[in-house]
Structure formats: structure tokens, C-alpha cells
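Trainee: Could you take me through one helix of this model up close? I'd like to see how it sits with the rest of the chain.

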Amino acid sequence: MLLSLGIGYLIWTLFRSDKSDSSYEKSPGKKQIPISEIEEETRRILRQALEAIGCQPKLNSDGTLNFAYQGEKFYASISGRFSDIWDPNWNTISINNPNLPVVREAINLTNSQRGPTVVLTQPDKNGIIWFHSHHDLMLHPASPENVEYVEAALDSFFVTQKQLDKYYKRLSNIRQEEQKNRQPIGFTANQTKSGPSKEPTQNGEGETKKEEGALSA
């Protein structure tokens with residue numbers, strides 16, 4: 001029991017220590033740097049990289065950035081060494097669209113790949129669902145290729161959109177082929193205990209008469 005209490009106290013002490021230092025970046029053997037300074041440095045790296053590839057980032061009062069790239073409007077927030085970049089509202093679909101299940105399946109396949117993740121919003125008051133995509137980037141001043149890294153990440157947003165379209169078309173084709181291969185099942189409304197009645201058709205070949213509303217298998 002004393003051993004259990006000792007282990008519990010040790011875990012509690014470590015937890016409190018980590019929590020009290022949460023506003024600093026830990027670096028063994030070096031002076032701890034406040035997270036606010038780290039985020040300012042990350043923001044500066046991102047802004048410089050964006051300007052280097054021809055973007056004109058706008059700094060908002062909350063520390064986020066808005067910028068345009070290849071005709072798309074992007075949004076970036078900073079957390080420590082990471083920048084969370086969003087490409088919002090690049091497509092829509094109605095909640096009543098019968099193809100929505102296929103779209104969701106295509107998104108799952110797309111998100112299983114490396115790169116930006118596609119996110120769907122909840123339907124708005126008009127039943128419209130918006131497409132967003134986002135990507136986390138780690139930016140460090142010691143990296144000599146931050147500009148190339150940011151540019152490649154932004155290009156990957158468009159690759160993700162094409163990949164989603166590719167998966168959607170592939171799944172849609174599969175669904176269409178499945179529908180084609182399904183055989184209709186006919187039945188007769190006028191059945192007796194002796195079995196289904198057979199009546200001559202207009203061509204006189206004595207086929208089983210089918211109800212017009214045949215079910216699909």
C-alpha cells in the first residue's frame with residue numbers, strides 16, 4: 001500500500017511540474033523559452049515563407065493569418081512550433097444529395113493518405129454542407145527549407161482535392177456497375193394455393209405475368 005501511495009505521489013508531482021511549465025518550451029540544457037515567443041517565431045517563419053512564394057499574408061488581431069494562394073483563400077493559426085493551415089469553403093453538397101454517402105466514403109479514402117485532411121461541416125439552415133481541408137506544419141528556424149516546405153504543403157491541398165474527385169468517380173462507377181448487374185425479381189399478385197397463375201401474354205407464349213413494379217435484388 002505504501003508503495004502504491006509513493007508511486008501515486010510521484011505521478012502527481014510530475015503532472016504538476018509539467019502543467020506549471022506548460023507555457024514554456026522545454027529544451028534540456030538550455031534556457032526555457034516562453035511559448036508566446038515560440039509562436040511569434042513560428043508566425044514570422046510562416047509569413048516570410050508566404051511572402052517568398054508571392055503571397056501577401058494579412059495578420060489578424062488574434063494572431064492568425066489570412067492569405068491567398070493559387071486562387072484559394074487560406075487561413076492559418078499558430079500553436080507552438082506548429083501552424084494549422086486551413087483551406088475553407090472550397091466546395092458544397094446538399095444534405096439531400098443522394099450521392100452524399102459516396103462522397104463520405106471518398107473522403108475517408110482520401111483522408112487515409114498522407115497530406116491535408118478533408119472535413120465536412122454540419123448542414124446549415126439551408127441543408128448545405130461545406131468542404132474544408134487542413135494541414136499541420138511544423139516550422140523551425142533551424143530548417144533551411146521552410147519556404148520549399150510551405151509551398152509544397154500548399155500545393156498538396158490541390159492534390160487532395162483532385163484525389164477526392166478521383167476516388168468519388170471511381171466509387172460512383174462501381175455503384176453504377178453494381179446496379180447494372182442486379183437482376184430484377186418479378187412476382188405475380190394473383191397467387192392461389194396451387195401456385196402462381198400463368199396466363200398467356202400478348203405474344204401467346206404463356207410466360208408468368210409480372211407486376212409492373214419489379215423489385216431490385
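Mentor: Let's go with helix H2, residues 35–52, and start with a ruler check; keep in mind that this is a predicted model. H2 has 18 residues, and at 1.5 Å a residue it should span 26 Å. The C-alpha atoms at its two ends are 26 Å apart, so the expected span and the model agree. If you try the sum yourself, multiply by one less than the number of residues.

Now walk along H2 and ask what is tucked away. Ile38, Glu41, Thr42, Arg43, Ile45, Leu46, Ala49 and Leu50 are buried, where buried means under 20% relative accessible area. For the chain as a whole, 28% of the 217 residues count as buried. Step just past the end of H2 and you meet glycine 54, with a positive phi of about 95°.

Next, follow two of those buried leucines inward. Leu46 and Leu50 belong to the largest nonpolar core, which has 20 residues. Along with Phe67, Phe74, Ile85, Val150 and Leu154, they touch the most other members of that core. Who else chips in? Two or more residues each come from H2, S4, strand S5 (72–79) and helix H4 (146–181). H4 is the top contributor, with five residues.

Phe74 is a good one to click on. Skipping its neighbours within four places in sequence, it is in contact with Leu65, Asn66, Phe67, Tyr69, Ile85, Trp86, Asp87, Pro88, Leu154, Phe157 and Phe158. Apart from this core lies another one, of 13 residues, including Leu100, Ile129, Phe131 and Leu171.

Zoom out, and the chain has four helices and twelve strands. Of the contacts with a separation of 6 or more, 54% join residues 24 or more positions apart. The accessible surface of the chain is about 15,200 Å², and 52% of that belongs to carbon and sulfur atoms.

Last thing: how far does the predictor back all this? The average pLDDT of the chain is 78, and 69% of the residues score at least 70. Among the elements, strand S4 (residues 65–69) has the highest mean, 97, while strand S12 (residues 215–216) has the lowest, 27. Over residues 1–22 pLDDT stays under 50, and the model has four contacts beyond four places in sequence for them. Residues 186–217 also stay under 50, with 25 such contacts.

Conventions. Residues are numbered from 1 along each chain as its sequence is written. This is a predicted model: local features need pLDDT of at least 70, side-chain atom pairs count only at pLDDT 80 or more; totals for chains, interfaces and linings use all residues. Side-chain values use heavy atoms; hydrogens and water are left out. pLDDT is the predictor's confidence in each residue, from 0 to 100. Contact means heavy atoms within 4.5 Å. Buried means under 20% relative accessible area, exposed over 50%, partly exposed in between (1.4 Å probe, protein chains only). A nonpolar core is a set of buried Ala, Val, Leu, Ile, Met, Phe, Trp, Tyr and Cys residues joined through side-chain atoms within 4.5 Å. Accessible areas come from the Shrake-Rupley method with a 1.4 Å probe; for residues, only the protein chains shown count as cover.
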